[in-house]
Amino acid sequence: MKLDELQHVLRASAAISNEKSFVVVGSQAVLLLLEHPPEALLVSREIDLYPALHPERADLIDGAIGMHSSFHETFGYFADGVGPETAVMPSDWMSRASLHYIGEITAICPDLHDLVVSKCVAGREKDADFVRELLKHGLVSAATLTERIDMLDAAKYSLPHLRAWLERRKLESEGTAP
């Protein structure tokens, strides 16, 4: 994914949803969060987002420019219209979020550490690759990630499991995993 492709998806999403503010919660938020993201972080062809004020309009976006749409077939990338519940982050993540302006459109991006917490919770192999790469390049701190994991609801999420998952990715990024 490239920055101009993300911007294209945001413009198309704005036209479809009649919205001007979007929360970008997927891995490709790094295009807005990092000046020079490592190439290995840019492999996804989807932008996970939802309209900030009317999250329910994400379905319109998903239907029009989502996976297997003519937009996707034409451009090779697409929007994944998600909801606020998709990315599990500390409840105060918005206090650390950053705003990015693309013309009249505002993209709201979680802090990189909060975004990575959501990847730890998801725990898929592609999430592990993403987390390892960020740790390897020193773009996130394992200590800060642990602090943010500890801010999650322990009644809903196994914090010891999440800490262990993160520690394994840290060791793998250092090349010291058993």
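# Exercises on a predicted model

The crossing of helices H1 and H3 is right-handed. The structure is a predicted model, and the exercises below start from this helix pair.

## Exercise 1. The pairing of H1 and H3

Describe how H1 and H3 pack, and state which residues of each helix meet.

*Solution.*
Step 1. Locate the helices: H1 covers residues 3–17 and H3 covers residues 58–65.
Step 2. Consider the geometry. The two helices pack at an angle of about 120°, and their axes are 9 Å apart.
Step 3. List the contacts. From H1 come Val9, Ala12, Ser13, Ile16 and Ser17, which meet Leu60, Ile61, Ala64 and Ile65 of H3.
Step 4. Sort these residues by class: the contact has 7 nonpolar residues, 2 polar residues and no charged ones.

## Exercise 2. The nonpolar cores

Identify the residues with the most contacts inside the largest nonpolar core, and examine the surroundings of leucine 49.

*Solution.*
Step 1. The largest nonpolar core has 46 residues. Those with the most contacts inside this core are Val9, Leu10, Val24, Leu49, Val116 and Leu134.
Step 2. Set aside the neighbours of leucine 49 within four places in sequence. Its contacts then include Val9, Leu10 and Ser13, together with Phe22, Val23 and Val24. Also in contact with leucine 49 are Ala58, Ile61, Asp80, Gly81 and Val82.
Step 3. A second, separate core has 9 residues, among them Val25, Tyr50, Ala58 and Met89.

## Exercise 3. The two cysteines

Determine how many disulfides there are, and whether cysteine 109 and cysteine 120 are buried or exposed.

*Solution.*
Step 1. A disulfide is a covalent bond between the sulfur atoms of two cysteines. The cut-off applied here requires the two sulfur atoms to lie within 2.5 Å.
Step 2. For cysteine 109, the nearest cysteine sulfur is that of cysteine 120, at 18 Å, and cysteine 109 is in no disulfide.
Step 3. Cysteine 120 is likewise in no disulfide, its nearest cysteine sulfur being that of cysteine 109. The count therefore comes to 0 disulfides, given the 2.5 Å cut-off.
Step 4. Residues under 20% relative accessible area count as buried. Cysteine 109 has a value of 0% and is buried; cysteine 120 has a value of 3% and is buried.

## Exercise 4. The enclosure of H5

Explain why helix H5 is described as largely enclosed, and name elements that cover its buried residues.

*Solution.*
Step 1. H5 spans residues 112–122, and 9 of its 11 residues are buried, so the helix is largely enclosed by the rest of the structure.
Step 2. The buried residues are Leu112, His113, Asp114, Leu115, Val116, Val117, Ser118, Lys119 and Cys120.
Step 3. The cover over these residues includes helices H2 (30–33), H6 (125–136), H7 (142–149) and H8.
Step 4. Turn to H8, residues 159–174, in which proline 160 lies. This proline is exposed, with a relative accessible area of 54%. Its C-alpha atom is separated by 16 Å from that of methionine 89, which is 71 residues away along the chain.

## Exercise 5. Positive phi angles

For asparagine 18 and histidine 68, state the phi angle and the place of each residue, and decide whether each is buried or exposed.

*Solution.*
Step 1. Asparagine 18 has a positive phi of about 60°, although it is not a glycine. Asparagine 18 is placed in the loop between H1 and strand E1 (21–24).
Step 2. With a relative accessible area of 67%, asparagine 18 is exposed.
Step 3. Histidine 68, also not a glycine, has a positive phi of about 70°. Histidine 68 is found in the loop between H3 and helix H4 (70–75).
Step 4. The relative accessibility of histidine 68 is 61%, so this residue counts as exposed.

Methods. Residues are numbered from 1 along each chain as its sequence is written. This is a predicted model: local features need pLDDT of at least 70, side-chain atom pairs count only at pLDDT 80 or more; totals for chains, interfaces and linings use all residues. Side-chain values use heavy atoms; hydrogens and water are left out. Axes are lines fitted to C-alpha atoms, for helices over the stretch in contact, and angles run from 0 to 180 degrees between N-to-C directions. Helices (H or I, at least four residues) and strands (E, at least two) are DSSP runs, numbered from the N terminus. A crossing is left-handed if the near helix is turned anticlockwise from the far one by less than a right angle, and right-handed if clockwise. Contact means heavy atoms within 4.5 Å. Ala, Val, Leu, Ile, Met, Phe, Trp, Tyr, Cys and Pro count as nonpolar, Asp, Glu, Lys and Arg as charged, and the others, Gly among them, as polar. Buried means under 20% relative accessible area, exposed over 50%, partly exposed in between (1.4 Å probe, protein chains only). A nonpolar core is a set of buried Ala, Val, Leu, Ile, Met, Phe, Trp, Tyr and Cys residues joined through side-chain atoms within 4.5 Å.
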